[in-house]
Amino acid sequence: MAAMAITLQSSFTSLSLSSNSSLGYRFSPTFCPPLVKPMQKPFVIEMKLKHWERKKCKPNSLPLLHKMHVKIGDTVKVISGRDKGKIGEITEIFKHNSTVIVNEINLKTKHVKSRGEDEPGQIITIEAPVHSSNVMLYSKEQNVASRVGHKILENGKRARYLIKTGEIIDTAENWKNVIKEREKTKVAAAS
């Protein structure tokens with residue numbers, strides 16, 4: 001037994017700890033790396049939209065509105081698509097995606113569910129939007145489709161005109177006629 005104690009004691013003495021070894025010493029906090037990194041900025045959760053849902057926006061977050069060569073009340077001819085060659089009047093425009101609704105063009109069927117017991121479900125036809133690049137201004141007098149140009153009149157006002165025919169589209173008389181026709185259709189639809 002004494003022999004074992006002497007061998008153990010000699011093995012402990014042969015095991016010497018140098019001053020640069022870290023055994024038996026506490027680590028100072030400067031040497032210890034932190035387990036969790038502190039947050040410097042709060043993170044922002046971003047919602048990803050699909051590419052067809054995204055709308056280009058200005059710096060103030062309003063949608064970017066595109067300039068269009070047509071206005072409400074213009075007579076246009078469809079130059080591409082299923083309804084190619086048909087002529088109609090523009091009833092509504094959407095500037096954020098450059099689409100227009102033309103009267104009796106691009107009709108789609110919509111299935112409407114019943115809202116109550118007294119109102120049954122039905123199938124209705126609606127006018128779907130057409131991209132503005134697929135329509136061209138049309139002259140009723142000369143029966144020709146043309147691109148649009150801009151020129152300054154004698155009184156200093158800027159007006160749109162048809163390039164092929166030279167016919168001026170934007171005049172005060174034309175706008176008065178368009179407004180009168182709209183009022184007539186609203187009265188007819190109400191009765």
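**Figure 1. Asp74 in its loop.** Asp74 sits in the loop that runs between α1 (2-14) and β1 (75-78). Keep in mind that this is a predicted model. Is Asp74 buried or exposed? With a relative accessibility of 6%, Asp74 counts as buried, because the cut-off for that is under 20%. Setting aside neighbours within four places in sequence, Asp74 is in contact with Gly88, Glu89, Ile90, Leu137, Arg160 and Ile169.

**Figure 2. Asp74 meets Arg160.** Take one partner from that contact list, Arg160. Its side chain and that of Asp74 make a polar contact at 3.0 Å, and the two side chains also meet in a salt bridge (3.0 Å, N to O). This pair ties together distant parts of the chain: Arg160 belongs to strand β10 (residues 158-162), Asp74 to the loop between α1 and β1, and they are 86 residues apart. Both Arg160 and Asp74 are buried.

**Figure 3. A little network around Asp83.** How many salt bridges turn up in a search of the whole structure? The count is three. Here, Asp83 pairs up with Arg82, their closest N and O atoms being 4.0 Å apart. Asp83 also meets Lys86, side chain to side chain, in a salt bridge of 3.3 Å, N to O. Sharing partners in this way joins Arg82, Asp83 and Lys86 into one network. The members sit in rather mixed surroundings: Asp83 is buried, at 10% relative accessible area, Lys86 is partly exposed, at 41%, and Arg82 is exposed, at 59%.

**Figure 4. Lys151 over a ring.** Now for a charge and an aromatic ring. Lys151 lies over the face of Tyr161, 4.8 Å from the ring centre. As for rings pairing with each other, a search of the whole structure finds zero aromatic pairs.

**Figure 5. Glu104, with a positive phi.** Most residues other than glycine have a negative phi. Glu104 is not a glycine, yet its phi is positive, near 60°. Where is Glu104 found? Look in the loop between β3 (99-102) and β4 (107-112). Glu104 is exposed, with a relative accessible area of 52%.

**Figure 6. Asn143, another positive phi.** Asn143 is not a glycine either, and its phi is positive, at about 50°. This residue lies in the loop between β7 (135-139) and β8 (144-146). Asn143 counts as exposed because its relative accessibility is 55%, and exposed means over 50%.

Technical notes: Residues numbered from 1 in each chain as written. Predicted model: local features only at pLDDT ≥ 70, side-chain atom pairs only at ≥ 80, totals over all residues. Heavy atoms only, no water. Helix = DSSP H or I, 4+ residues; strand = E, 2+ residues; numbered from the N terminus. Buried < 20%, exposed > 50% of the residue type's maximum accessible area, 1.4 Å probe, protein only. Polar contact = N/O pair within 3.5 Å; in protein donor to acceptor, adjacent residues only side chain to side chain. Contact = heavy atoms within 4.5 Å. Phe/Tyr/Trp six-rings, centres within 6.5 Å; stacked < 30°, edge-to-face > 60°. Lys NZ or Arg CZ within 6 Å of the ring centre and 35° of its normal.
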